[in-house]
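I open a fresh page for this chain. I want to note what I look up, one item at a time.

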Amino acid sequence: DVRQLIGEYEDEGAIFECPRRQLVCGETVDGDTTDAAIFEENRCFLDLPSGGGVWYELSGESSTVTLSTCPNSTGFDTQIRVFKKGTTTSCVEANDDLGSQLCSSVTFDAEPTETYEIHVVGYEPEPGQFKLSTLCV
C-alpha cells in the first residue's frame with residue numbers, strides 16, 4: 001500500500017508494527033533518515049515541520065534515560081520524540097534543537113514495565129545521518 005510507504009496510516013497503531021532497533025543503555029547507534037517514512041500523526045509537543053524518521057525501542061529500564069543526538073558531527077538537524085508503546089497519543093518527551101545547536105536531547109524517567117518508542121526525525125524534509133546515544137542513570 002502506497003500510504004504505508006510514505007507514512008500515512010489509517011490505523012494509528014500501525015506504525016508500531018514496523019521493525020525497530022532495540023536501544024541499550026550506554027550505547028551509541030548510527031542512524032540515517034534517507035528514504036525513511038514520514039509520520040505526522042503526532043508531533044509530540046513539537047509544532048514544527050519534519051521529514052522522514054527512524055524508529056527505535058527501549059524497554060525494561062527503571063532509570064532516568066537521556067537520548068541525544070549531541071554532539072552533532074554531521075550538521076543534520078534532528079528532532080527526538082518519545083512515546084509509550086501502543087499509542088501515538090501518549091507522548092512522553094520531545095526536543096528540537098538543544099540550545100542553539102542543531103542536535104536534540106530528551107530526558108525522562110523510564111518505568112520498568114513500559115516500552116518506549118523513540119522517533120528520530122529531521123527538521124523539514126531533509127534526510128541525513130546522525131548518532132543517537134542512550135544514557136541511563
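**Sheet.** I began with how the strands are arranged. The model I have open is predicted. I traced five strands in an open sheet, and their order is β1-β3-β8-β5-β6. The pairing in this sheet is mixed. Next I looked for the edges. They are β1, residues 21-22, and β6, residues 91-96. Each of these two pairs on one side only.

**One strand pair.** I then picked β5 and β8. How many bridges join β5 to β8? I found seven. β5 covers residues 78-84, β8 covers residues 115-123, and the two run antiparallel. I also looked up the partner of Lys-84. Its bridge leads to Tyr-116 in β8.

**Whole chain.** I stepped back to the secondary structure. The chain has one helix and nine strands. Along the sequence the helix comes at the start of the pattern, α-β-β-β-β-β-β-β-β-β. The chain has 137 residues, and 44% of them are buried. I looked at contacts between residues at least 6 apart in sequence. Of these, 80% join residues at least 24 apart. I noted the accessible surface too: about 6900 Å², with 48% belonging to carbon and sulfur atoms.

**Cavity.** I searched for enclosed space. A probe the size of a water molecule, rolled over the atoms, shows where empty space is left. I found one cavity of 30 Å³ or more. The largest cavity holds about 50 Å³ of space. Which residues line the largest cavity? I listed Thr-69, Pro-71, Asn-72, Ser-73, Thr-74, Gln-129, Phe-130 and Lys-131. I sorted this lining by class: two nonpolar residues, five polar and one charged.

**Pro-71.** This residue was in my list for the cavity lining, and I went back to look at its backbone. A cis peptide bond joins Cys-70 and Pro-71, with omega at about -5°. Where does Pro-71 lie? I placed it in the loop between β4, residues 64-68, and β5.

**Asp-35.** My last entry is about another loop residue. Asp-35 lies between β2, residues 28-32, and β3, residues 50-59. Its phi is positive, about 65°, although Asp-35 is not a glycine. Is Asp-35 buried or exposed? Its relative accessible area is 78%. The cut-off for exposed is over 50%, so I wrote down Asp-35 as exposed.

Notes:
Residues numbered from 1 in each chain as written. Predicted model: local features only at pLDDT ≥ 70, side-chain atom pairs only at ≥ 80, totals over all residues. Heavy atoms only, no water. 1 Å grid on protein atoms, 1.4 Å probe; cavity = no way out; pocket = protein on both sides within 12 Å on 5 of 7 lines; lining within 4 Å. Points joined across faces, edges and corners; volume = space filled by probe spheres on them. Nonpolar A, V, L, I, M, F, W, Y, C, P; charged D, E, K, R; others polar. Pairing = 2+ DSSP bridges. Helix = DSSP H or I, 4+ residues; strand = E, 2+ residues; numbered from the N terminus. Buried < 20%, exposed > 50% of the residue type's maximum accessible area, 1.4 Å probe, protein only. Contact = heavy atoms within 4.5 Å. Areas by Shrake-Rupley, 256 points an atom, 1.4 Å probe, with all protein chains shown as cover.
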